[in-house]
Structure formats: structure tokens, C-alpha cells
Amino acid sequence: MEEKTANKKTHKLLINSRKTGSFSGVLDVLSFDVAEILLETEEGMLLIKGNDLHVNRLSLEKGEVDIEGKIDSLAYSEVKDYGKQAESFFGRLFK
């Protein structure tokens, strides 16, 4: 258990005027479009909702992501809840 904690990257958010965001401690970008970005972070799943969202910089080796657009909301969920969230996302996508 100590090894896992030692390898864990610090998860940080920096939102600037709801127009840009910088995130660290990102493990993976699971999906993104102009309305939603779904990130797997060290602290769980992070769903970012907004308008005209774009991923400007992605470095999974460093665990960093920069986004821009109008950020309306940020919501965390546990990784175990991801299946329900993904099902609803894909359900909406293929309607």
C-alpha cells in the first residue's frame, strides 16, 4: 500500500475565469467532445462540462492536461461508478 501512495502524483486543478483549465494527476483522458471531457485522475473520475471545450495540451507521461472553452461544471465520481457514467454517455451518443 505504501508503494501505491509513493507513486501517486499530486492532483491539482487551476481554473482561470472559467475559460481555461490546467489539471495535474491525470491518468487518462477517457472521452472528450465540445460539451464534455472525462478524465481519470488520481482522485477519481472527473467530468468537465461546458461549451466549445478543447484539449490544448495532453501529457500522460507527466499526468497533465490543459483545456480551454467555457467551463460550466466539474464533477468527481469514484472509479467504480465509471461504468454507469460511461453507459449513459454511450447510450446518449448512439440514440
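## Salt bridges, strands and core

The side chains of Arg 18 and Asp 72 form a salt bridge, with 3.1 Å from N to O. This pair ties together distant parts of the chain: Arg 18 lies in the loop between E1 and strand E2 (20–24), Asp 72 lies in strand E6, and 54 residues separate them. The model is predicted. The protein has two helices and six strands. Their order from the N terminus is α-β-β-β-β-β-β-α.

**Salt bridges**

- The count of salt bridges comes to five.
- Asp 72 also meets Lys 70 in a salt bridge, at 2.6 Å from N to O.
- Arg 18, Lys 70 and Asp 72 are thus named together as a network of salt bridges.
- Arg 18 counts as partly exposed because its relative accessibility is 43%, between the 20% and 50% cut-offs.
- Lys 70 is partly exposed too, at 42% relative accessibility.
- Asp 72 has a relative accessible area of 38%, so Asp 72 is partly exposed.
- Another of the salt bridges joins the side chains of Arg 57 and Asp 66, at 2.9 Å from N to O.
- Arg 57 is partly exposed, with a relative accessible area of 33%.
- Side chains of opposite charge can pair when their charged atoms come close.

**Strand pairing**

- E3 and E4 run antiparallel and are joined by five bridges.
- Three residues lie between E3 and E4, and the two strands form a hairpin.
- Val 29 has Leu 39 in E4 as its bridge partner.
- E4 also pairs with E5, again in the antiparallel sense, over six bridges.
- The hairpin from E4 to E5 passes through two residues.
- Thr 41 has Gly 44 in E5 as its bridge partner.
- E4 is mostly covered, with five of its six residues buried.

**Nonpolar core**

- The largest nonpolar core holds 11 residues.
- Its members are Phe 23, Val 26, Val 29, Ile 37, Leu 39, Leu 46, Ile 48, Leu 53, Val 65, Ile 67 and Ile 71.
- Strands E3 (26–32), E4 (36–41), E5 (44–59) and E6 (64–77) each give two or more residues to this core.
- Val 29 and Leu 39 belong to the core, and these two residues are also bridge partners.
- Ile 67, a core member, touches Phe 23, Ile 37 and Ile 48, among other residues more than four places away in sequence.
- The contacts of Ile 67 also include Lys 19, Thr 20, Gly 21, His 54, Val 55 and Asn 56.
- In soluble globular proteins, nonpolar side chains tend to be buried together.

**Nonpolar surface patch**

- Leu 13, Ile 15, Leu 74 and Tyr 76 form a nonpolar patch on the surface.
- Together these four have about 310 Å² of accessible area.
- Strand E1 (12–16) and E6 each supply at least two residues of the patch.
- E6 therefore serves two groups by the patch rule and the core rule: E6 gives residues to the core and to the patch.
- Leu 13 sits in strand E1.
- Leu 13 is partly exposed, because its relative accessibility is 36%.

**Whole protein**

- Of the 95 residues, 33% are buried.
- The accessible surface comes to about 6500 Å².
- Carbon and sulfur atoms account for 53% of that surface.
- Among contacts with a separation of 6 or more, 46% are between residues 24 or more positions apart.

Conventions:
Residues numbered from 1 in each chain as written. Predicted model: local features only at pLDDT ≥ 70, side-chain atom pairs only at ≥ 80, totals over all residues. Heavy atoms only, no water. Core = buried A, V, L, I, M, F, W, Y, C linked by side-chain atoms within 4.5 Å. Buried < 20%, exposed > 50% of the residue type's maximum accessible area, 1.4 Å probe, protein only. Helix = DSSP H or I, 4+ residues; strand = E, 2+ residues; numbered from the N terminus. Contact = heavy atoms within 4.5 Å. Patch = residues over 30% accessible without salt bridge, like charges linked within 9 Å, V, L, I, M, F, W, Y side chains within 5 Å. Areas by Shrake-Rupley, 256 points an atom, 1.4 Å probe, with all protein chains shown as cover. Pairing = 2+ DSSP bridges.
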